[in-house]
Amino acid sequence: TKPFDNPKWAEEVAEYRVGGIPHWEYLDAQGESKGFVVGNLPPDVLAQNADALSKGGATKLPFVRRVANASPLQAPSPSATVESTMPRDHG
């Protein structure tokens, strides 16, 4: 069993989208994700990310992936009409 398949951690795996071990999630002082890295990384990479995170504010972490929020899809208007054409309809 992989550590991230353990049901004990299911909530955290889902929340932080863990796809591998180690998974380093960088959180700001408010507990909001600022990005993540996955895999065995050189200590210098981890140190640079930690240094940038400690500076706070608008400082971006140099070595992270970010997951952005997507815009919600809007259902088509019920009043919208779609003309149906057949493959042999060339007009």
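What follows is a conversation between a visitor and a guide about how the terms used for this predicted model are applied.

Guide: This is a predicted model, in which local features need pLDDT of at least 70 and side-chain atom pairs count only at pLDDT 80 or more, while totals for chains, interfaces and linings use all residues. Residues are numbered from 1 along each chain as its sequence is written, and side-chain values use heavy atoms, with hydrogens and water left out.

Visitor: What makes β1 and β2 a pair of strands?

Guide: Strands are DSSP runs of E with at least two residues, helices are runs of H or I with at least four, and both are numbered from the N terminus. Two strands pair if DSSP finds at least two bridges between them; β1 (residues 23-27) and β2 (residues 33-38) have 5 bridges in the antiparallel sense, so they meet the definition. Within this pairing, Glu25 has Phe36 of β2 as its bridge partner.

Visitor: Why is Asn49 called buried?

Guide: Buried means under 20% relative accessible area, exposed means over 50%, and partly exposed lies in between, with a 1.4 Å probe and protein chains only. Asn49, which is found in helix α2 (residues 43-55), has 0% relative accessibility and therefore counts as buried. Contact means heavy atoms within 4.5 Å, and, leaving aside neighbours within four places in sequence, the contacts of Asn49 include Tyr26, Val37 and Leu61.

Visitor: How do you know that Arg17 is exposed rather than buried?

Guide: The relative accessible area of Arg17 is 54%, and therefore Arg17 is exposed. Its place is in the loop between α1 (10-16) and β1.

Visitor: What makes a group of residues a nonpolar core, and which residues form the largest one here?

Guide: A nonpolar core is a set of buried Ala, Val, Leu, Ile, Met, Phe, Trp, Tyr and Cys residues joined through side-chain atoms within 4.5 Å. The largest has 6 residues, namely Tyr26, Val37, Leu46, Ala52, Leu61 and Val64. In soluble globular proteins, nonpolar side chains tend to be buried together.

Visitor: Why is the link between Asp51 and Lys55 called a salt bridge?

Guide: The term requires a side-chain nitrogen of Lys or Arg within 4 Å of a carboxyl oxygen of Asp or Glu; the closest N and O atoms of Asp51 and Lys55 are 3.3 Å apart, so the pair fits the definition. A search of the whole structure finds 1 salt bridge. Because Asp51 and Lys55 are 4 residues apart in helix α2, about one helical turn separates them. Asp51, at 40% relative accessibility, counts as partly exposed, whereas Lys55, at 57%, counts as exposed.
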